[in-house]
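Visitor: I should be grateful for a close look at a single part of this structure, namely its largest pocket. Please describe the pocket with care, and then set the other features of the chain around it.

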Amino acid sequence: VQPNENLLKENITNKVVLVTGAGGSIGSELCRQIIKFKPKKLILFELNESALYQIEYEIIQLKDSKIKVFSVLGSVRDKLRVDNTFACFNVQTIYHTAAYKHVPLVEYNQSEGVLNNIIGTKIVAESAISNNVEIFVLISTDKAVRPTNIMGASKRAAEIVIQALAKLDHNTCFTMVR
């Protein structure tokens, strides 16, 4: 499916955009696409130092010199780090891609999958609300449809968390894509 460029421009151009899991396969591709729409700032939020370094280096090569790029090492499970990052940069749009997505690894490390995919999503979403982030996009997975494994179930639970938070009274618009 081709991206809706008008919608992307509305949420990215001249905005402060943050991508969680920026060094992952999905997060890094999103960063490559986002930089084309000229955000005011692009915040790369990533737990893995090596992955963060790689995507930062690549994005710096692609970006317009007026676009500011900031690399933040941190975990979506670290509420204080997430809150401080959102507040420091006045984030307007979040693309939440940080998740454990490899089925065999999550099946073997179930508690880590649950903590990262569900609790991490809840922490990031609640911080988005408390920091008046305008748009929060959860990047989910097709494995969340009638899940048959822990990874899919954890991503489905993350979707349910987002749906529940979207019903509350606040200024953040929650959306998700599989």
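Guide: The largest pocket has a volume of about 820 Å³; the model in which it is found is a predicted one. Its lining consists of 27 residues, and those nearest the centre of the pocket are Pro 3, Leu 8, Leu 30, Ile 139 and Val 177. Four elements, H1, helix H2 (25–36), E5 and E6, each contribute at least two residues to this lining. H2 provides the largest share, five residues. Sorted by class, the lining holds 15 nonpolar, seven polar and five charged residues.

Two of the elements that line the largest pocket, E5 and E6, also carry an aromatic pair. The structure has two aromatic pairs in total. In one of them, the rings of Phe 70 and Phe 89 have centres 4.9 Å apart and planes at 45°; because this angle is neither under 30 nor over 60 degrees, the pair is classed as tilted. Phe 70 belongs to strand E3 (residues 68–73) and Phe 89 to helix H4 (residues 79–89), so that the pair links distant parts of the chain, 19 residues apart. Phe 70 is partly exposed, with a relative accessible area of 29%, whereas Phe 89 is buried at 13%.

The other pair is formed by Phe 136 and Phe 174, whose ring centres lie 5.1 Å apart with the planes at 55°, so this pair is also tilted. Phe 136 is in strand E5 (residues 135–139) and Phe 174 in strand E6 (residues 173–177), and the pair links these distant parts of the chain across 38 residues. Phe 136 is buried, with a relative accessible area of 0%. Phe 174 counts as buried as well, at 12% relative accessibility. Ile 139 and Val 177, which are among the residues nearest the centre of the largest pocket, fall within the residue ranges of E5 and E6.

From the aromatic pairs one may turn to the charged ones. Side chains of opposite charge can pair when their charged atoms come close. The whole structure contains eight salt bridges. One of these joins the side chains of Lys 15 and Glu 134, at 2.7 Å from N to O. Lys 15 lies in the loop between helix H1 (5–12) and strand E1 (16–20), and Glu 134 in the loop between helix H6 (110–130) and E5; the pair therefore ties together parts that are 119 residues apart in sequence. The two partners differ in accessibility: Lys 15 is buried, with a relative accessible area of 18%, while Glu 134 is partly exposed, with 31%. H1 and E5, which border these two loops, are both among the elements that supply the lining of the largest pocket.

A further salt bridge connects the side chains of Glu 112 and Arg 77, again at 2.7 Å from N to O. Glu 112 is in helix H6 and Arg 77 is in the loop between E3 and H4, which makes this another link between distant parts of the chain, 35 residues apart. Both partners are partly exposed: Glu 112 has 33% relative accessibility and Arg 77 has 31%.

A salt bridge within one helix is made by Arg 156 and Glu 159, whose closest N and O atoms are 2.9 Å apart. Both residues lie in helix H7 (residues 150–166), three residues apart, which is about one turn of the helix. Arg 156 is partly exposed, with a relative accessible area of 26%, but Glu 159 is buried, with 1%. In addition, salt bridges with shared partners join Glu 29, Arg 32 and Glu 58 into one network.

For comparison, the second largest pocket has a volume of about 530 Å³. It is lined by 25 residues, and those closest to its centre are Glu 46, Ala 98, Ala 99, Tyr 100 and Asn 116. At least two lining residues come from each of H2, strand E2 (41–46), helix H5 (103–108) and H6. H2 again gives the most, here with three residues. By class, this lining has 10 nonpolar, 12 polar and three charged residues. H2 thus serves the linings of both pockets, giving five residues to the largest pocket and three to the second largest pocket.

How values were computed
Residues numbered from 1 in each chain as written. Predicted model: local features only at pLDDT ≥ 70, side-chain atom pairs only at ≥ 80, totals over all residues. Heavy atoms only, no water. Phe/Tyr/Trp six-rings, centres within 6.5 Å; stacked < 30°, edge-to-face > 60°. Buried < 20%, exposed > 50% of the residue type's maximum accessible area, 1.4 Å probe, protein only. Salt bridge = Lys/Arg side-chain N within 4 Å of Asp/Glu carboxyl O. 1 Å grid on protein atoms, 1.4 Å probe; cavity = no way out; pocket = protein on both sides within 12 Å on 5 of 7 lines; lining within 4 Å. Points joined across faces, edges and corners; volume = space filled by probe spheres on them. Nonpolar A, V, L, I, M, F, W, Y, C, P; charged D, E, K, R; others polar.
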